[in-house]
Amino acid sequence: MAFFTKLIMQVYTIEEISKKLGVPFKGDGAVKIHGVAPLKTAKLGQASFLDALKYRKYLLSTEASLIILSEKLLAECSTNVLITNNPHFVFAKLAGLFQQLPIRSVGIHPTAVIEENVVVAKSASIGAHCVIGAGTMIGENTIIEAGVIIGENCKIGADCRIWANVTIYYGVVLGKKVQIHSGAVIGSDGFGLAQSPLGWEKVPQLGSVLIHDDVEIGANTTIDRGTLDITEIGRGSKLDNQIQVGHNVKIGEHTVIAGCTGIAGSTKIGNYCMIGGAVGINGHIEICDKVIIAAMSGVTKSITTEGIYSASFPAIPINEWRKQAVAIRHVDKLTETVKKLEQLLMTEKTAID
């Protein structure tokens with residue numbers, strides 16, 4: 001059986017693109033587009049977009065054959081346009097038309113190890129040197145790349161893509177259209193320990209992991225299994241690379257989390273949240289829906305009101321930082337002085353009255 005990469009050159013007319021994306025165009029609908037590029041460097045036959053106004057200056061010099069922009073900028077553009085109030089979103093959909101992912105042959109590679117009672121859909125693809133544990137089910141059109149390890153009694157839904165060298169422990173459940181990038185580990189033991197005078201006793205991690213439909217998990221991200229319950233990632237959520245999700249964590253729907261964030265166990269994160277890079281989130285707290293947390297923030301308490309939160313300290317010149325550090329050491333003394341002055345003023349006011 002041949003397992004191969006198949007690349008097909010995609011070319012669309014502007015009219016075809018307009019119909020596929022459901023976005024109106026202005027200009028010559030017969031012009032052909034064969035790819036996408038940044039506004040500054042785009043050439044004839046390529047499409048680009050303008051979202052951030054700091055790139056507005058390139059509208060006059062770009063060679064792009066198609067630009068996605070808002071209606072208020074139409075007068076500044078002399079080439080063909082797609083008109084939308086959300087150029088970045090439409091550009092993402094357009095770029096998807098040109099994405100060249102490897103296409104794998106249907107079937108099971110002869111070097112794969114498939115244990116007993118495994119059900120692999122006829123339309124699925126299992127790559128070289130994969131190991132699929134007993135009782136596991138692989139859904140229709142799912143692609144399992146080379147070197148993936150899937151434990152016993154897992155359920156992998158339809159249209160998933162598991163990239164090379166992912167490890168999925170036993171009993172994990174994935175919905176439809178889940179994508180997991182290389183090196184990720186799903187369902188490893190949570191960090192559960194009980195202390196005694198003799199040392200630490202490991203708490204058995206008896207739960208599992210449930211990942212809902214249309215979730216993407218970045219490279220080298222780790223998602224721990226629950227202790228007694230499940231760790232759960234909601235529908236449509238996207239996790240970047242190198243994120244740690246602790247045991248029993250619940251992440252809501254359509255939440256995005258940037259790289260190097262760590263989420264301690266039993267924390268609940270709501271729907272439509274945006275969490276920046278290298279955020280540290282304490283365990284056993286709740287973050288409500290539609291919360292934005294800035295990069296490098298530390299979240300130690302529950303957040304119950306939607307909005308933007310930041311607890312980071314931006315980098316500043318070292319001399320300025322030293323002055324601030326010295327000032328911070330005197331805050332307690334300054335607070336005590338202010339209290340004494342307040343008491344003195346109150347005493348004087350009482351005497352006058």
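**Exercise 1. Charge balance**

Determine how many positive and negative side chains the protein has, and how far apart the centres of the two sets lie.

Solution. Begin with the counting rule, under which Lys and Arg are positive, Asp and Glu are negative, and His and the chain ends are left out. Next, fix the place of each charge at NZ of Lys, CZ of Arg, CG of Asp or CD of Glu. With these conventions the protein has 33 positive and 32 negative side chains, and 6 Å separates the centres of the two sets.

This is a predicted model, in which local features need pLDDT of at least 70 and side-chain atom pairs count only at pLDDT 80 or more, while totals for chains, interfaces and linings use all residues. Residues are numbered from 1 along each chain as its sequence is written, and side-chain values use heavy atoms, with hydrogens and water left out.

**Exercise 2. Overall form**

Describe the secondary structure of the protein, and explain why the protein counts as more spread out than a compact globule.

Solution. First, the elements: the protein has four helices and 39 strands, where helices (H or I, at least four residues) and strands (E, at least two) are DSSP runs numbered from the N terminus. Second, the radius of gyration is 27 Å, well over the 20 Å that the globule rule gives for 353 residues, so the protein is more spread out than a compact globule. The radius is taken over C-alpha atoms, and the rule is 2.2 Å times the number of residues to the power 0.38. Third, along the principal axes the C-alpha atoms fill a box of roughly 95 × 70 × 35 Å. Finally, of the contacts between residues at least 6 apart in sequence, 20% join residues at least 24 apart, contact meaning heavy atoms within 4.5 Å.

**Exercise 3. Surface and core**

State what share of the residues is buried, and identify the residues with the most contacts inside the largest nonpolar core.

Solution. Buried residues make up 39% of the 353 residues; buried means under 20% relative accessible area, exposed over 50%, and partly exposed in between (1.4 Å probe, protein chains only). The accessible surface comes to about 19,900 Å², of which 58% belongs to carbon and sulfur atoms, with areas from the Shrake-Rupley method and a 1.4 Å probe. Turning inward, the largest nonpolar core has 47 residues, and those with the most contacts inside it are Ile168, Ile180, Ile186 and Ile211. Such a core is a set of buried Ala, Val, Leu, Ile, Met, Phe, Trp, Tyr and Cys residues joined through side-chain atoms within 4.5 Å. The elements that give two or more residues to this core are strand E24 (208-211) and strand E37 (291-293).

**Exercise 4. Around Ile168 and Ile149**

Trace which residues Ile168 touches, and then characterise Ile149.

Solution. Setting aside residues up to four places away in sequence, Ile168 touches Ile149, Ile150, Gly151, Cys154, Ile156, Ile162, Leu174, Ile180 and Ile186. Ile149 is found in strand E15 (residues 149-150) and, at 34% relative accessibility, counts as partly exposed. With the same exclusion of sequence neighbours, Ile149 touches Val131, Val166, Thr167 and Ile168. The C-alpha atoms of Ile149 and Ile162, which are 13 residues apart along the chain, are separated by 10.0 Å.

**Exercise 5. Loop residues**

For Ala164, Thr111, Lys177, Tyr272 and Asn271, locate each residue in its loop.

Solution. Ala164 lies between strand E17 (161-162) and strand E18 (167-168), and is partly exposed with a relative accessible area of 23%; beyond four places in sequence, its contacts are Glu145, Ala146, Val148, Ser182 and Gly183. Thr111 lies in the loop between strand E8 (107-108) and strand E9 (113-114), where, apart from neighbours within four places, Thr111 is in contact with Ala128 and His129; the C-alpha atoms of Thr111 and Ala128 are separated by 5.4 Å.

Lys177 occupies the loop between strand E19 (173-174) and strand E20 (179-180), is exposed at 53% relative accessibility, and has a positive phi near 55° although the residue is not glycine. Tyr272, in the loop between strand E33 (268-269) and strand E34 (274-275), also has phi near 55°. Asn271 is found in the loop between E33 and E34 and is partly exposed at 26%; leaving aside neighbours within four places, Asn271 is in contact with Gly252, Glu253, Thr255, Asp289 and Lys290.
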